[in-house]
Amino acid sequence: MSSGSGSRNTELWGSFDDNLIQGGGSAVIDMENMDDTSGSSFEDMGEMHQRMKEEEEVAAEAAATEDDVADDGEFLGMKGLKGQLGRQVADEVWQAGKRQASKAFNLYANIDILRPYFDVEPVQVRNRLIESLIPVRMINFPQKIAGELYGPLMLVFTLVAILLHGMKTSGTVIREGTLMGTAIGTCFGYWLGVSAFIYFLAYLVNAQITMLQMLSLLGYGLFGPCIVLLVTYNIHFHFLFYGLWLLLGGLSTLRMVAALLSRTVGQTPRLLLCGTMALLHMLFLLYLHFNYHTIVEGLLDSLEGHNMAPMQRVARDVPEVNRKSTENSHESTSGENNAASGDRAIHDRDLDWLHQSDVVVAEVTQPSLGVGYELGRAVDMKKKVFCLFRPSSGRILSAMIRGAADVENFVVRDYSEDEVEKVLEEFFSSLKN
């Protein structure tokens, strides 16, 4: 190729040869400094220029606004300053409200993080309930513990329902809300409190178990106690309770102990951790069967006993075998206000209760024709009668009642509200003798 043609080719490419870097028989194209002939670079420059112009206009408006505010403040003095401060405070309050709303929304959105702990199939829950009563033999390697809370939480609520059922069948006179709150506090307190305590001991002895696993283990361990209490609250037989306590309560305890043994190293740490777990679990079942009702009644009586009517306290504290006659006296009093169409049914019902009663306990401070009639029929039936009268009421007891006292079969006793339990205990103790 001649030199003339070479120069002609160079002129055709224009400035392209300025972007060629000659060296060693090779050419490198400098793309960074080449022009974009597609026209897009000119369009970008136009858009950039437009944005810069808009930003300048916005900045100018903002500066003009600030100048106006400053001028207003200088012209209006303290009033303008207060207005500016008020706007700033309002803006801060608005921003704080937005932040709080955003946090609340984010918290609701993060509830999904709890889903894995409750996402479990019913079949898995059923299998784990059955496995909670089957102790494992192999403790040489860590046993698998379910890391979910659905089954344990349902068992805790089931135990609450069983306790409420037991309190209802025992005839406990306590407000509904108080009864529910006490049962929930007892069950959840045991589940969460004992789980945290055992987890703390496990941490001290270097046992390989997490708090979530501990909650799941103890929660499923309540399956045995639920069965025992459900049966024994309906079948009042102590030997049956002791048998189920040892069988089902013992199996659920052994299951938990075996899981803890498999995750603990050393004889002394195992004895400390597992012994504490077994002792707390077995004693808790004994407490729920024998002492829960008594302790709850005593605690709530100290809190609300003064707000209960004397007749309600009498009906609550009379032993079960004699309680029906006491309730009759109270109900027959209110029955006097019923419609006439039910008079015969009330009369026959109360007389039937009198026939079934061993002792009639009547609160006679409030005069009542119905109570007086029942007392007369009770005397005719040769029933033992115990009448309670409060002199602090300012009333005078009828001579027909006080004069009928014979110390043996018809007893009249003056009392004050704070000694109801003592008076009833003395009277029924004398009957046993």
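Student: Which residue in strand 5 is the bridge partner of Phe386?

Tutor: The bridge partner of Phe386 is Val411, which belongs to strand 5. Please note that the model is predicted, so local features need pLDDT of at least 70, side-chain atom pairs count only at pLDDT 80 or more, and totals for chains, interfaces and linings use all residues. Residues are numbered from 1 along each chain as its sequence is written, and side-chain values use heavy atoms, with hydrogens and water left out.

Student: Why are strand 4 and strand 5 said to pair?

Tutor: Two strands pair if DSSP finds at least two bridges between them. Strand 4 (residues 384-389) and strand 5 share five bridges in the parallel sense, so the condition is met. Strands themselves are DSSP runs of E with at least two residues, helices are runs of H or I with at least four, and both are numbered from the N terminus.

Student: What makes strand 3 and strand 5 edge strands?

Tutor: The open sheet has three strands in the order 3-4-5, with parallel pairing. Strand 3 (359-363) and strand 5 (410-414) each pair on one side only, and they are therefore the edge strands.

Student: Why is the contact between Arg402 and Asp414 called a salt bridge?

Tutor: A salt bridge requires a side-chain nitrogen of Lys or Arg within 4 Å of a carboxyl oxygen of Asp or Glu. In Arg402 and Asp414 the closest N and O atoms are 3.2 Å apart, so the pair qualifies. Arg402 lies in helix 16 (residues 399-402) and Asp414 in strand 5, so the salt bridge ties together parts twelve residues apart in sequence.

Student: How many salt bridges does this rule give?

Tutor: The count comes to seven. One of them joins Asp348 and Arg344 at 3.7 Å, N to O. Both residues lie in helix 14 (residues 343-356), four residues apart, about one turn of the helix. In addition, a network of salt bridges links Glu363, Arg390 and Glu417.

Student: Arg349 forms a salt bridge with Asp350. Why is Asp350 called buried?

Tutor: Buried means under 20% relative accessible area, exposed means over 50%, and partly exposed lies in between (1.4 Å probe, protein chains only). Asp350 has 6% relative accessibility and therefore counts as buried. Its partner Arg349 has 32%, so Arg349 is partly exposed.

Student: How do you know whether Arg344 and Asp348 are buried or exposed?

Tutor: Arg344 has a relative accessible area of 57% and is therefore exposed. Asp348 has 40%, so Asp348 is partly exposed.
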